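This report looks at how two chains meet and at the spaces enclosed around them. Start with the sequence and the structure.

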Protein chains: 2
Amino acid sequence: MPQPIEELNQAVIQAEYAVRGAVVIRAGEIAADMKKNPSKYKYNRISYLNIGNPMASGLTPMKFTRDLISLCIAPHLLNNKDEDLLKLGYSQAVIERARLFMKQNPTGLGPYTHSKGYASIRQEVADFIKQRDGFESDPEHIFLSNGASSAIKDCIQLLAGPSAGKSAFMIPIPQYPLYSATLVMNSAMKVGYELDEANNWTLDVKILEKVYQTHQVEHPEVKIRALIVINPSNPCGAVLPGKIATEVIDFCAKHDIALFADEVYQENLYHPTKEEERSQFVSFKKTLREYELKNKCAGPMLLSFHSVSKGFTGECGLRGGYMEVVNAPAHIQDQLYKVASVSLCSNSIGQLAVSVMVNPPALAEYVDDAANKIATMERKAQMTYQILNANKHIDCQKVQGAMYAFPTLELPEAFVTECQNAGKLADNVYCMRLLEEEGICCVSGSGFLQKKNTWHLRMNILEQEELMPEVCKKMSEFHDRIWNQYQK
Amino acid sequence: MPQPIEELNQAVIQAEYAVRGAVVIRAGEIAADMKKNPSKYKYNRISYLNIGNPMASGLTPMKFTRDLISLCIAPHLLNNKDEDLLKLGYSQAVIERARLFMKQNPTGLGPYTHSKGYASIRQEVADFIKQRDGFESDPEHIFLSNGASSAIKDCIQLLAGPSAGKSAFMIPIPQYPLYSATLVMNSAMKVGYELDEANNWTLDVKILEKVYQTHQVEHPEVKIRALIVINPSNPCGAVLPGKIATEVIDFCAKHDIALFADEVYQENLYHPTKEEERSQFVSFKKTLREYELKNKCAGPMLLSFHSVSKGFTGECGLRGGYMEVVNAPAHIQDQLYKVASVSLCSNSIGQLAVSVMVNPPALAEYVDDAANKIATMERKAQMTYQILNANKHIDCQKVQGAMYAFPTLELPEAFVTECQNAGKLADNVYCMRLLEEEGICCVSGSGFLQKKNTWHLRMNILEQEELMPEVCKKMSEFHDRIWNQYQK
């Protein structure tokens, strides 16, 4: 008999990953069935709002990124005359950039790279960070990774010590399921701090402090290793003001814990409404260095993450990302390097996509395309807020950044009770019905560990712009239907 | 103070990864110093024989693979007239294949793929396996992965349960350090079975049985979960005869344990010498199905792994690979899928490279290029054996397959004693000296957990062909020098 489930790694068994959970699996089944029995459904396609996967919803690629990869993966193309390449649609700038990459890396994209990634690209990342923040960055402290998730997983695994059950990590509530799943898989404790929904999902350092102190009393044997902050926020769409970022650094310094800064949405910044200012992103690296200058002391260890999957790049499939490791002692740098070595290296194409993200060409068409893409997401973010929030039983915060809205669903008591009696969570039932009845695939708030007895869903704002109002309206009408059905 | 080393995850700290260990780090330092002080060294480049990274040693890419990626990553190219693409060097076959891929996958390479990988490519893998083995393969049981290593790590993590220290895995001695490192990181026990060096590194099922029984007596509380077999063998270069493969299946069936079949070198098959037959690869999947037919029973669970990093493809940087999960109960399939979901998906370009590997074009130039590449490796494998084995103090087995030789180094007692007195292993000192004095970077046998008090090194056979005899000769001369120095 093969290994029964109770004999498998229980830390893995217990991990949950809602973003691709039951509702999504059902969506796949419906999509398949719809091809055979289209008349069975009142919709003719499924809106996949469950995952931040922009190119699946029609985001077009940045041409420069794609053309650069196209040339570097087939470097024999560079032996052609420029005019022949130009004729096919390659720009002069991309041809030159490809020649430069191949000169810096004569063996190209084929070999395993350095386990931390190409030296030339790590230098570009360091230059980008310096330019963004005004503070030096050391390319030796940059690790290129398969998206951000692989680097995050490696860091949690390393810090979750010295043995199972001895470490805790503070995660936002609501959080992104990668964190809960990875913590469970590493037998580390999740210590949740609630974001303040009433205040546009603000992070409140007083809550951090209270949660920390309570943990110390309740679990003195389980050390808190790190605070995890996602800014701009997934799933809440909030952007952290610089003042609060400084308080966060101070909190980590005071308690001598590391800070994980998940900053993959740093380019997704919107005017929350047409009348309001565009949100501003301030990196934790910058905040940290300013804090250190002001306080004349070394701040906490910072692990900050970025990715080509988000922003206007949206190259989820290429799995490119980087991590900057700041204020880490040599033994932690060394161990992270060793762990990266066991996986040999992150994929070379993802690394090249990082190169373009951090060192974009000075081309008007690139800049314009990027701005247009963000502007489109912004319009959809505003629509989502406006349409959903107009429903008196839905409370949707303004989307300041990232790619998601996380509205509160006020639900009729009778519906909630019926779900409870069936042993189910109301938001899970709600999302499954929303899929079945409207073909709209979202993730329920409980998948993000949102507060008990509050009901939310996470939806991305990535649906095609012309379909977006209709999708939001259908969601609002579905919500009304639930109310009509249960409020008698 | 940041988390001290004793407070980090000790399972990670204890893991070792020799392939990119101390000797390799020193090689990097020398390479950097050599640029500044070339006259300090009697060599003008370093031969990196430490890692199976063929394109770093001059292997050229398969043009079809590269051209397909080049077109699919920039699909606007396909809007050009075929004649313009042909003029740049794309073949008609690759243009058509790119059109087919984009038709099957209209959103292309940008989005996250299904967590198991593109359905179209999993179908190609299943077709390849069926054609190779003569038995059905189910695309739902195929998982595309970032190289083979990520899939191997996921499987070990899942089976290493139910809690830390309760599971053991049988690994070959010598083994590939990915296994030892991953097992240590998952707090699983390594149970080594020795390959028989005197018999060209044969796997002997009697030894498996003895090791298994001894383990049962010594650690009855630690269940053996799986047997790991690497065929063709890394680091030994041996190819497993079909008869022994059947015995291995029988062993796993009898003890009800899973079989990990690391078959990433299945295309690296050589005539060990010019006079001998070319080695034959028989997959464990085929052996398993034949075993089941003959014995009218279900055989053990099989997890078999393949990669685009090896063979004649050699695309290490692209991180493409697949796993086939055979005879696994639904709960294991489901958990593997969940774990894959947490990482979202493997990189899309690596998946496309897998597509070409398993479904190559029917082009004479592709077939010829592949054959030439294997023939070149074969000549280098033969050279390595002949030159090293000619040294009376080196015993080098014939290289039947894979990309490595793993010669025994007979060492003067005085040298071994001197190393021991310095608290070091003789093979580690040897490899460091070989690097310092000759610029040749190898990995010592102890990194592969080879038997105590035997001395080996692992070297790849990938050095450029015209340099290979000289490199082997320098190794042999260095060996003589050690003997001259210590045998007085």
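## The interface between chains A and B

In this predicted model, 89 residues of chain A are in contact with 88 residues of chain B. Together the two chains bury about 7,200 Å². Carbon and sulfur atoms account for 57% of that area.

Polar links also cross the interface. There are 45 residue pairs in polar contact between chain A and chain B, counting pairs with both residues at pLDDT 80 or more. The rule also finds 6 salt bridges across this interface. A salt bridge joins the side chains of R225(A) and E7(B), with 2.9 Å from N to O.

## The chain A side

Which elements of chain A each supply at least two residues to the side that touches chain B? The helices are α1 (10–14), α3 (63–73), α4 (82–88), α7 (147–159), α8 (177–185), α12 and α13 (348–358). Strand β5 (223–230) does so as well. Helix α12(A) gives the most, with 8 residues.

By residue class, this side of chain A has 43 nonpolar, 30 polar and 16 charged residues.

## The largest pocket

The largest pocket has a volume of about 1,700 Å³. Its lining takes in 44 residues. Which of them lie nearest the centre? They come from both chains: T113(A) and H114(A), with G28(B), A31(B) and Y48(B).

Chain A gives two or more residues to this lining from each of α6 (119–133) and α12 (330–342). Chain B does so from α2 (22–36) and β1 (47–48). Helix α2(B) gives the most, with 8 residues. Helix α12(A) therefore appears twice in this report: it helps line the pocket, and it gives the most residues to the chain A side that touches chain B. The pocket lining divides into 19 polar, 16 nonpolar and 9 charged residues.

## Cavities

The model has 6 cavities of 30 Å³ or more. The largest cavity has a volume of about 220 Å³, and 22 residues line it. Closest to its centre are Y112(A) and L344(A) from one chain, and Y176(B), V264(B) and K310(B) from the other.

Helix α7 of chain B, residues 147–159, makes the largest contribution to this lining, with 4 residues. The cavity lining holds 12 nonpolar, 6 polar and 4 charged residues.

Notes: Residues are numbered from 1 along each chain as its sequence is written. Chains are lettered from A and ligands numbered from 1 in the order in which they are written. This is a predicted model: local features need pLDDT of at least 70, side-chain atom pairs count only at pLDDT 80 or more; totals for chains, interfaces and linings use all residues. Side-chain values use heavy atoms; hydrogens and water are left out. On a 1 Å grid over the protein atoms alone, a cavity is a set of points where a 1.4 Å probe fits but cannot get out, and a pocket is an open set with protein on both sides within 12 Å along at least five of seven lines; lining residues have an atom within 4 Å of a point. Grid points are joined across faces, edges and corners, and a volume is the space filled by probe spheres set on the points. Ala, Val, Leu, Ile, Met, Phe, Trp, Tyr, Cys and Pro count as nonpolar, Asp, Glu, Lys and Arg as charged, and the others, Gly among them, as polar. Contact means heavy atoms within 4.5 Å. Buried area is the accessible area (1.4 Å probe) that two parts lose on being put together, summed over both. A salt bridge is a side-chain nitrogen of Lys or Arg within 4 Å of a carboxyl oxygen of Asp or Glu. A polar contact is a pair of N or O atoms within 3.5 Å; within protein, one must be able to donate a hydrogen and the other to accept it, and residues adjacent in sequence count only if both atoms are side-chain atoms.
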